[in-house]
Amino acid sequence: MTPPLTQADIDREIAELHRRAPAGGDRQAAQALRDFAPYRSSVLRHPKQPLVAIKDPEAGELTGPVFGVTDVAPFDSDLTRQHLGEPLGERITVQGRVLDRDGRPVRGQLVEIWQANASGRYLHQRDDHPAPLDPNFSGVGRCLTDDEGGYKFTTIKPGAYPWRNHVNAWRPAHIHFSVFGTAFTQRLVTQMYFPNDPLFPYDPVLNSVTDERARQRLICAYDHDLSVPEWTLGYRWDIVLDGPAATWMEEGR
């Protein structure tokens, strides 16, 4: 029987893969490796075949799922007011802009988030982490970017949680982001992390992005001007959709 992988095993694998990664500035280094061995499930489920070419991309978008402005309600972006009671945990404001490769705002984009609660548990039937659920927190929200490409969410800072990738494996606190263009085929998914998390060196998901500068772009910044007195702490995080400063996006979405 193969002994379970330890954190030391994972650390060695990560260090070796980072050593062999393309030099800084290479676009490949700025993207996560599809089959990053320390991230065990990526080896099993990463795309192994080339993308299917669509003869008429516009037709594919016209017949696929779409959304309308009326689908987004005012309280969708405030995850602390979606229930009658107050959710538990530290309230935060997360604000930023969605930009193209030239720094221009991308307007009217549907931005969705989902996350664990303050105890590190998702409201999902497959999450059996023995941490409490919060009856006043569902962990999902959405909004549309404004004319400056801006988005804003009020939520609860998520907790770390175990994920059984290896012995004593814990994921750093993070929020999942989805940016949805005008059609489902344009959807991009990524994750935002919080500054100075001690779990960064141990997380194979974050470290599957082998370029240090690209990893840093996944970490939001505390912004005191975004904090609301006696209510929330503020964090700023911009999403760049393309180009050399692009935000890492998950493959296969």
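**Exercise 1. The overall picture**

What percentage of the 253 residues of the protein count as buried? Work that out, then describe the fold in broad strokes.

*Solution.* Keep in mind that this is a predicted model. Start with accessibility: 45% of the 253 residues count as buried. Next, go through the secondary structure, which comes to five helices and eleven strands. Finally, look at the contacts between residues at least 6 apart in sequence: 70% of them join residues at least 24 apart.

**Exercise 2. An acid under cover**

Find Asp134 and work out what surrounds it.

*Solution.* Begin with the position: Asp134 sits in the loop between β2 (110–114) and β3 (140–144). Now check burial and charge. Asp134 is buried, yet has no salt bridge. The nearest side chain of opposite charge belongs to Arg91, and that one is 10 Å away; a salt bridge would need the atoms within 4 Å. So what does the side chain of Asp134 have for polar company? Try the backbone: the nitrogen of Asn136 lies 2.9 Å from a polar atom of the Asp134 side chain. To finish, skip residues up to four places away in sequence, and you're left with Pro87, Leu88 and Asn117 touching Asp134.

**Exercise 3. The leucine next door**

Is Leu88 buried or exposed? Settle that, and then trace its contacts.

*Solution.* First, place the residue: Leu88 is in the loop between α3 (57–63) and β1 (91–99). Its relative accessible area is 62%, and because the cut-off for exposed is over 50%, Leu88 counts as exposed. Then list the partners, leaving aside neighbours within four places in sequence: Leu88 is in contact with Ala118, Asp134 and Ile156. For a backbone view, take Leu88 and Pro135. They are 47 residues apart along the chain, and their C-alpha atoms are separated by 9.3 Å.

**Exercise 4. An annotated stretch**

Which residues does UniProt give for the feature "domain: Intradiol ring-cleavage dioxygenases", and what does the chain do there?

*Solution.* The UniProt record, an unreviewed entry, places that feature at residues 94–122. Over this stretch the chain is 0% helix and 38% strand. Take the two ends, and you'll find their C-alpha atoms 19 Å apart.

**Exercise 5. Two cysteines**

How many disulfides does the structure hold? Check the accessibility of Cys143 and Cys220 as well.

*Solution.* A disulfide is a covalent bond between the sulfur atoms of two cysteines. The count here is zero. As for accessibility, the limit for buried is under 20%. Cys143 has 8% relative accessibility, so it counts as buried. Cys220 comes in at 3%, so Cys220 is buried too.

Note on methods. Residues are numbered from 1 along each chain as its sequence is written. This is a predicted model: local features need pLDDT of at least 70, side-chain atom pairs count only at pLDDT 80 or more; totals for chains, interfaces and linings use all residues. Side-chain values use heavy atoms; hydrogens and water are left out. Helices (H or I, at least four residues) and strands (E, at least two) are DSSP runs, numbered from the N terminus. Buried means under 20% relative accessible area, exposed over 50%, partly exposed in between (1.4 Å probe, protein chains only). Lys and Arg count as positive and Asp and Glu as negative; His and the chain ends are not counted. A polar contact is a pair of N or O atoms within 3.5 Å; within protein, one must be able to donate a hydrogen and the other to accept it, and residues adjacent in sequence count only if both atoms are side-chain atoms. Contact means heavy atoms within 4.5 Å. UniProt positions are given in the numbering used here, feature names are shortened, and annotations may be inferred rather than shown by experiment. A disulfide is a pair of cysteine sulfur atoms within 2.5 Å.
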